[in-house]
Amino acid sequence: MQTSREGVHWTPRTGVVQGLPSLSVIEPQQFHVPGAEELLDVIVIGAGYAGLVASRELAIQQKKVLLLEGRDRIGGRTWHSTINGFNYEMGGTWIHWHMPHIYHEMSRYGLQDDWIVSQTPGGEQDFFTLTSYGQQSNMSHERENEMFTKTWATFCNVDGVLLRDAMTYPLSAELTTKYDHLSCQDRINQIRDQLTQQEIGFLEGVLLQMGGGPLDRMGLTDALRWYALGGFTPTGLNDIALSTRPKSGQSTIARKIFDHAVRSGLKYSFSTPVAKIEDGSYVTVTTRSGQTFMSKKLICTIPLNVLGDITFSPPLSPLKRAAISQGSTQKCNKIHFDLAGPDMKSWSSLGSPGKGLISALADNTTPANDTHVVTFGPSADSKQGMKLKNNIEGIKDALNHLLPFKRDIKRIVYHDWFNDEFSKGTWCYLPPDWVSRYLKAMQQPEGNVILANADWSNGWRGWIDGAAQQGIESASKVVDALQSVPKSSRL
Ligand SMILES: Cc1cc2nc3c(=O)[nH]c(=O)nc-3n(C[C@H](O)[C@H](O)[C@H](O)COP(=O)(O)OP(=O)(O)OC[C@H]3O[C@@H](n4cnc5c(N)ncnc54)[C@H](O)[C@@H]3O)c2cc1C
């Protein structure tokens, strides 16, 4: 298996090692790359799920497609590394059959039975630890569920009927913007008298895990939409979005899509960061190293927090530029730990304020029979956040703050998304007013250029499903546009 330049792995024996083995790494890195004079039908920038699905859809319709990707691998913010027989999901992880676009990919490639459930009951330490405002208490998962149900439902019940009125169709393209001016902090202030101090601490931890923080920069809309997407029940979101993951790892799905596209004629170039996009009667793309490529249409899947690093000529519309400058609030850390022995396999935790990390979830045991725990922090640059570079001791401290008792840490695995030049953050969570002001504008093609990314999809925006949806939708728009070009004007 190839090793990516990305990802970090620590054990007491090896110390910190940069780079992780992954089947997402593409070899050779270039394939059938066209010359500067060749006019392609479409260039797709970015090999995350949006770019992969778009490339496949176009390639199987016999379009001449070139995929350009800055990294050495496919998957973008979703990829896994296999170490000693265990799949560590470095980014996007949990998907579900209630996420229609990604489930379609699972079933299309015969992966409909390829599931594993993260929650593993029956371990020796089968409880939840809440560390809130200096106090730590252990409680049953039933009590944890009750607390989640009460706080999350109270928070989201803005219309008195648990959003069935305010967000009747959560997958619809119609905007629900009535509460968009409010931040999560505004909403906490509205319901403060309905919750105890401990419950407020719990809720803040839940919200910071969703949006990275700070709470007054996190729009209320995304939290409400997640509740509605969870089937209008307080526990639905966790059941759908924090429970099942592909057993053979996310990169298996990505690889199937990529291989299908290549079989259908896709040309590609990895380790090829794009610097400039010029649109005229056709599109010219210039890479950082000065290579140029030409196409009739362009699908750009670069995420919100790094789109501002690309030069567009002519410049993008003022609304798109404002949307990009606001960005996503979510810049959290996700860190995997292997703890000695299987006894913690049913443990979970929340800490607010945490000490670098705010949540932990045991997710199965490794082949060596150690407990695998996946943890999340708030945004790395926020008050309780944590920078990961040269900070293994800080990372261990952050976990110890959540643990009810010290454990022997045998392995740490992570991807430093905050310092990642191709994402500058993790999943998308939008600030107040963003959806009402900018969502439609981001989805609007400009000339020959379509921006497509999970960060501004409808439905499961900010999730893998939203990326697959944007891939399908953008490819379909391009096919329509190519068909509507009169034959006489074709080059
Ligand atoms: C830590 C973490 C946990 C997550 N957990 C979940 C989860 O459990 N479930 C879920 O559904 N979602 C989750 N997500 C969100 C999910 O991973 C993303 O929404 C989804 O992968 C985005 O796909 P995309 O194709 O839209 O964007 P990306 O995956 O970001 O793809 C964009 C691509 O563009 C490339 N690119 C950027 N700049 C350039 C450039 N200048 N030149 C060339 N290429 C460039 C990038 O390298 C990248 O490959 C998580 C994300 C992270 C990071």
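In this predicted model, helix H1 and helix H13 (464-484) each contribute at least two residues to the shell around the ligand. The shell comprises 39 residues, and the closest to the ligand are Gly-46, Gly-48, Gly-76, Gly-92 and Ala-467. When the residues of this shell are divided by class, 20 are nonpolar, 14 are polar and five are charged.

Helix H1, which spans residues 49-60, also has the highest mean pLDDT among the elements of the protein chain, at 99, whereas the lowest, 93, belongs to E9. For the protein chain the average pLDDT is 96, and 99% of the residues score at least 70. Beyond H1, the loop that leads to strand E5 (65-68) contains Gln-62, a residue other than glycine whose phi is nevertheless positive, near 60 degrees.

An open sheet is built from nine strands with mixed pairing, in the order E2-E1-E21-E17-E20-E19-E18-E9-E10. Its edges are formed by strand E2 (15-21) and strand E10 (135-139), each of which pairs on one side only, and from one strand to the next the twist averages 20 degrees. At the E2 edge, strand E1 (residues 3-11) runs antiparallel to E2 and is joined to E2 by six bridges, with Thr-11 standing opposite Gly-15 in E2. Elsewhere, helix H5 (residues 197-211) lies across four strands, namely strand E9 (128-132), strand E18 (348-352), strand E19 (359-365) and strand E20 (371-379), and the helix runs at about 100 degrees to E18.

Two cis peptide bonds may be described together with the loops in which their prolines are found. One leads from Glu-27 to Pro-28 and has an omega near 0 degrees, and Pro-28 is located in the loop between E2, the edge strand described above, and strand E3 (30-31). Another leads from Ser-313 to Pro-314, with omega near -5 degrees, and here the proline is located in the loop that connects strand E16 (311-313) with helix H10 (318-326).

With regard to annotation, an unreviewed UniProt entry assigns residues 50-478 to a domain recorded as "Amine oxidase". Over this range of residues the chain is 32% helix and 21% strand, and the C-alpha atoms at the two ends of the range are 14 Å apart.

Notes
Residues numbered from 1 in each chain as written. Predicted model: local features only at pLDDT ≥ 70, side-chain atom pairs only at ≥ 80, totals over all residues. Pairing = 2+ DSSP bridges. Axes fitted to C-alpha atoms, helices over the stretch in contact; angles between N-to-C directions. Contact = placed C-beta atoms within 7 Å. pLDDT = per-residue confidence, 0-100. UniProt positions renumbered as here; feature names shortened; annotations may be inferred. Near = placed C-beta within 6 Å. Nonpolar A, V, L, I, M, F, W, Y, C, P; charged D, E, K, R; others polar.
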